[in-house]
Amino acid sequence: MAGKPILHYFDGRGRMENIRWLLAAAGVEFEEKFMKTREDLEKLRKDGSLMFQQVPMVEIDGMKLVQTRAILNYIAAKYNLYGKDIKERALIDMYSEGMADLNEMVLVYPYLPSSDKGGRLTQIKEKSRNRYFPAFEKVLKSHGQDYLVGNRLSKADVLLTELLYNVEELDSTVLANFPLLKALRTRVSNLPTVKKFLQPGSQRKPLENEESVEAVKKIFS
Ligand SMILES: N[C@@H](CCC(=O)N[C@@H](CS)C(=O)NCC(=O)O)C(=O)O
């Protein structure tokens with residue numbers, strides 16, 4: 001039997017947090033090896049584990065996978081979170097790519113110089129309220145179903161739930177006009193696997209602080 005997936009990253013959200021969420025939602029236990037120093041990163045690079053010299057890297061089923069979205073897609077396919085046919089898969093990917101565009105702004109936010117943070121925050125709020133959240137609210141309204149695609153949980157629902165939590169941490173009123181997104185978040189949060197992941201002490205990572213940002217900058221500087 002294959003062992004647990006091993007996640008190689010630093011001890012923080014960054015690009016790995018999507019992967020942690022998806023594995024957790026799928027009910028898959030995983031191990032983590034945290035890089036703490038630049039030498040830890042160099043070691044992975046030197047031993048040929050990182051195809052593009054970058055993390056996230058996930059050891060799973062005898063492979064060393066890199067590229068966040070490729071990893072997410074493998075997990076989604078393996079654990080039945082990727083629709084029932086290629087049309088559903090296309091929608092799941094289309095929605096997930098929109099989420100990734102917004103998520104990219106959110107995940108780099110803590111690492112920006114303070115002079116750039118105000119502008120970025122305004123951009124995140126504006127794009128959430130006027131572009132991405134209305135689009136997903138419209139999808140849910142159009143079919144009246146519990147999940148974004150095919151009336152069952154997919155990668156898209158899990159990533160959207162994570163994104164909603166993350167944006168709400170930056171702007172607590174952002175979901176005020178999106179009742180169906182709120183309901184989706186509640187529904188996904190109440191799935192037993194996700195509920196467990198949302199409990200304190202899980203492998204979910206906290207919002208970055210000054211100290212954690214400095215530690216990460218040292219690894220990649
Ligand atoms: N497209 C890649 C980007 C990976 C990436 O930028 N990783 C950063 C850490 S979050 C990294 O390893 N940076 C070091 C480098 O690019 O040399 C993915 O989604 O996995």
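**Exercise 1. Describe the geometry of helix α4 in this predicted model, beginning with its kink.**

Solution.
Step 1. Helix α4 has a kink of about 30°, and leucine 102 is at its centre. The model is a predicted one.
Step 2. The helix covers residues 86–108, 23 residues in total. From first C-alpha to last it reaches 32 Å, close to the 33 Å expected at 1.5 Å a residue.
Step 3. At the N-terminal end, aspartate 85 acts as a cap of α4. One of its side-chain oxygens lies 3.2 Å from the backbone nitrogen of lysine 87.

**Exercise 2. Which residues of α4 are buried, and what covers them?**

Solution.
Step 1. The buried residues include Glu88, Ile92, Tyr95 and Ser96. Leu102, on which the kink is centred, is also among them, as are Asn103, Val106 and Leu107.
Step 2. An α-helix has 3.6 residues a turn, so residues three or four places apart point the same way.
Step 3. The cover over the buried residues of α4 includes α1, α3 (68–78), α5 (114–143) and α6.

**Exercise 3. Find the salt-bridge partner of arginine 20 in strand β2 and state whether each side chain is buried or exposed.**

Solution.
Step 1. The partner is glutamate 32, with the closest N and O atoms 3.0 Å apart.
Step 2. Arginine 20 belongs to helix α1 and glutamate 32 to strand β2, 12 residues apart, and the pair links distant parts of the chain.
Step 3. Buried means under 20% relative accessible area. Arginine 20, at 0%, is therefore buried, and glutamate 32, at 17%, is buried as well.
Step 4. The pair is part of a salt-bridge network that links Glu17, Arg20 and Glu32.

**Exercise 4. Two further salt bridges involve glutamate 29 and glutamate 169. Which residue does each pair with, and how accessible are the partners?**

Solution.
Step 1. Glutamate 29 pairs with lysine 4, the closest N and O atoms being 3.2 Å apart. Glutamate 29 is in the loop between α1 (17–25) and β2 (31–34), while lysine 4 is in the segment before β1 (6–9), 25 residues apart.
Step 2. Glutamate 29 is exposed at 55% relative accessible area; lysine 4 is partly exposed at 40%.
Step 3. Glutamate 169 pairs with arginine 13 at 2.9 Å, N to O. The pair joins helix α6 (residues 155–170) to the loop between β1 and α1, with the two residues 156 apart.
Step 4. Glutamate 169 is partly exposed at 35%, whereas arginine 13 is buried at 8%.
Step 5. The whole structure holds 17 salt bridges.

Note on methods:
Residues are numbered from 1 along each chain as its sequence is written. This is a predicted model: local features need pLDDT of at least 70, side-chain atom pairs count only at pLDDT 80 or more; totals for chains, interfaces and linings use all residues. Side-chain values use heavy atoms; hydrogens and water are left out. A salt bridge is a side-chain nitrogen of Lys or Arg within 4 Å of a carboxyl oxygen of Asp or Glu. Helices (H or I, at least four residues) and strands (E, at least two) are DSSP runs, numbered from the N terminus. Buried means under 20% relative accessible area, exposed over 50%, partly exposed in between (1.4 Å probe, protein chains only). The expected span of a helix is 1.5 Å times one less than its number of residues. The bend at a residue is the angle between axes fitted to the seven residues ending there and the seven starting there. Contact means heavy atoms within 4.5 Å. A polar contact is a pair of N or O atoms within 3.5 Å; within protein, one must be able to donate a hydrogen and the other to accept it, and residues adjacent in sequence count only if both atoms are side-chain atoms.
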